[in-house]
Structure formats: structure tokens, C-alpha cells
Amino acid sequence: MKFQLTVVLTLLITLSAAADTQMQWRERFQSVTPTNFDQGGAVSHQFHLHAESYLTTATVTRPPTLRPLPVNPNQALADLVVRHRKGEDAFSDYVANEPWISGVIVLQAGEVVFEAYPRMRPDQRHLTWSVSKAITGAVVAALIHDGRIDPAGKVDDYLPELAETAWAELDVTDVANMASGIDCLDSDGYQDPTTCVYRMEETLGITADQGYDASLVEHLAGMERRGAPGEVFEYVSANTNVLGLIAEAATNQPFATVLSEQIWRPIGAESDALLAINGQGFSYASGGVIARLRDIARFGQIFVASERFDVLSASQVDAMQHREGVPFGDGRQERHTDSFGDDTPSRGAWQWDMIWDDGGMYKGGYLGQGIYVDPVRDLVIAWFGTGEDYSAKSNEMPAVSRQIIHSGVFDGN
């Protein structure tokens, strides 16, 4: 019996090992619900990569022919030693070993000089969260470029349903610059169902239904002012959703169609994107773009080489990077100092979170999404990730991006 038991145990161990090997290629699925999708970790990672399975979406159509991205790896970048919370490592090792990074791509002069997907496939689309804001801002800027929106126009010029509300007399530019003064701060809490921002996302079908029955427009109309417009950058996702509504009103088209025509087709995207919408057809313009990482990088090229695309004028981009925008409040500026030391951004503009005096621009998204563009070096860095938990612990790619541009790797290119 002892021999037989040994044989049986050996066989079970062998079968278990074989099963483990056989299952390595299978994805492990978690239970994603309306109350845990944004908690971070494995649950949010699944949500990010399969968001269309949990959200209603509209298609953002790609062009008939994609615009190729030549691949020309830069070994000096891969080997560059970068600082992060655990110490120092070569950039390629940091990307490979940082559990809060899913994919990173770096374009320089239109070529892929670095690309890695340690926790996703290159062909997978990923929820971009608030990187969507920069995309929505670019849609409105593109419509300004085409003469279909007046940057000095008032919100109620385009949205009469918001006449006689706190939004009515706001300039489009103030809304685009996150300087509306509207009292619906994201920092009040995404997980607290009593906050303005939670209820806004509830109207859009993003957060769990708590019985709030207002429409998006009704919720926007009920918002109040907390300060004068045009004075200080305050992170208010409602601004972005108003921009999306303005784009629809100016074109008489759904936002997904406008995004396709103004951005996705001109940049030569390789894949259709998706856009989260609710049951009434309102778009989640502030956080609902689902796309491939390469296409997010293509989007970034608008801001480093505008002459290659008929989307924004060079003067528009230069104004965003060097003249337009509003300063940060004291609390936000202190947080920037904690992250960047003496190399702090000076303002935000056109839905970009941070703009440096050298023209570098960064836009982040919840739980570790991001894009950084550097016009001096014709550089775009884009990444997807999933942070650890509700504390918003996530990767350090924003600070690493600034280390890259200061490293000298791309100076003289």
C-alpha cells in the first residue's frame, strides 16, 4: 500500500504540475461588479482590459488604412537608469518589474523606440480613464481649428438647456482649462455616493446605481459655482462632460462620431476605439475612451508634430504649451513638488493635468494610465496600468518620464 500511495501521490503531483503548465496561458477572471470595479488590483485589471463587457459602448471608427509606426529600438533608453519608489533600475527592468504597469510605449520622431507589454497583449484595448479628458479637449480644439466652435463663446451659446445655470456665462476656454469654478470637485470622492462627482458618474452608468434619477444634463444644471472662472485649475470632470456636449451641439453628431472624424481617423489609428455611453446615449467624455496603447501614442503626436496632421494648428499647440492655461492652487502645487522636486509643472491647460515651462505636457488617468508629450524632443510616452487599491497607489511613470527627457538620451535627435 505504501508503494501504491507513493505512486498515486506522484501521479497527482505530476498531473497538477501539468495542469499548472497547461493553464499558464489562460486568463484568470475575477468577479467585477458595479461596486468593486475601481478598487484596484486584479479586479480592476480585468475591468480595464474588458471594459466593453461591463459598459455600454459606442464605436469610434478607425480610418480605412492605419498609419504605420516604424520600429527603431533605442538601447540607450532601455538601459537608462531611472529612480523609483524601490530604488534604481534600467528603464526596461522598471517597466518589466513594476506590478502597476501593464504596457508602455515611447515614440521619438514618429518611431517606436521602446515598447513593452508585461501585463497585457499589444492588441488589447484598455480603459484610459481620464486620459480621455485630453482627447475630449483635443476634439473641441479641433472644432475650433475648423471654425465650428468659438473659444470665447459661452456655454449656453451651444447648450441652451444650461441657460440660467452656473454654466451659462462660462467661456468655452475656461471650461477646457479646468477653470470653470464649478463646485463638483473630483477630490470630494469617487466612492462616496453623496458627492456631486459620484452622482454625475451614476447618471452615466459608471458607478453603482444608488437611485439617483436625474439625467446628466439635469445634474449639470443643478451644479453651483464655488469660485470665479478663469483663476485657478481645479479638477472637475463635469467640465469635460460639458465639452463633450458642446462638441455634439456644434456638429449635431454623437460624440463618438465627432471623435472619429476629428481625431481617430486623422491620426491613422490602427483599431476602432470604444466610448462608454449610458442608456440615454450620453457619452462618458471625461473617462470612457477604450483604446490600444499604440493609438494613444498616435494621439500624442498631435502635440509634438502638429504639422503632420490636419487636426490642430501649430499656433494652437504652441499656445497650449507655452501661454494658455491657469495656475494650480496651493495644495495641488505642493503635491507636484512632492512628485517632481524642483522640476515642477507651472499650470494646466486644455484638459492636460500638468504643463511645464519647456512645453512638456502630462495627462493622467485613474489607477495609473498616462500620456506625456515633449515637443522639444518630438517625444511621446504613453502607458497603461492598474494601481494597488483605492488609495490610488500606482506607477511612477510621470516622474520617470521627466527623468527620461532630462537624461540626454534624446538630446540632439
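This report describes an enclosed helix, the nonpolar cores and two residues with positive phi in a predicted model.

Helix α12, which spans residues 293-300, has 8 of its 8 residues buried, so this helix is largely enclosed by the rest of the structure. The buried residues of α12 include charged side chains such as Arg 294, Asp 295 and Arg 298, together with Leu 293, Ile 296 and Phe 299.

Phe 299 also appears in the largest nonpolar core, a set of 101 residues in which Trp 167, Ile 263, Phe 299 and Phe 303 have the most contacts inside the core. The largest share of this core, 10 residues, is supplied by helix α5, which covers residues 131-145. In soluble globular proteins, nonpolar side chains tend to be buried together. Once neighbours within four places in sequence are set aside, Phe 303 is in contact with Ala 138, Leu 312, Val 317, Met 320, Gln 321, Trp 352, Met 361, Val 373 and Pro 375. A second core, separate from the largest one, has 26 residues, among them Tyr 94, Tyr 362, Leu 379 and Trp 383.

Most residues other than glycine have a negative phi. Asn 252 and Gln 351, neither of them a glycine, have a positive phi, and their settings are listed below.

| Residue and phi | Loop | Relative accessibility |
|---|---|---|
| Asn 252, about 55° | between α10 (237-251) and α11 (255-264) | 73%, exposed |
| Gln 351, about 75° | between β9 (347-349) and β10 (352-355) | 1%, buried |

Asn 252 therefore counts as exposed at 73% relative accessibility, whereas Gln 351 is buried, with a relative accessible area of 1%.

Notes
Residues are numbered from 1 along each chain as its sequence is written. This is a predicted model: local features need pLDDT of at least 70, side-chain atom pairs count only at pLDDT 80 or more; totals for chains, interfaces and linings use all residues. Side-chain values use heavy atoms; hydrogens and water are left out. Buried means under 20% relative accessible area, exposed over 50%, partly exposed in between (1.4 Å probe, protein chains only). Helices (H or I, at least four residues) and strands (E, at least two) are DSSP runs, numbered from the N terminus. A nonpolar core is a set of buried Ala, Val, Leu, Ile, Met, Phe, Trp, Tyr and Cys residues joined through side-chain atoms within 4.5 Å. Contact means heavy atoms within 4.5 Å.
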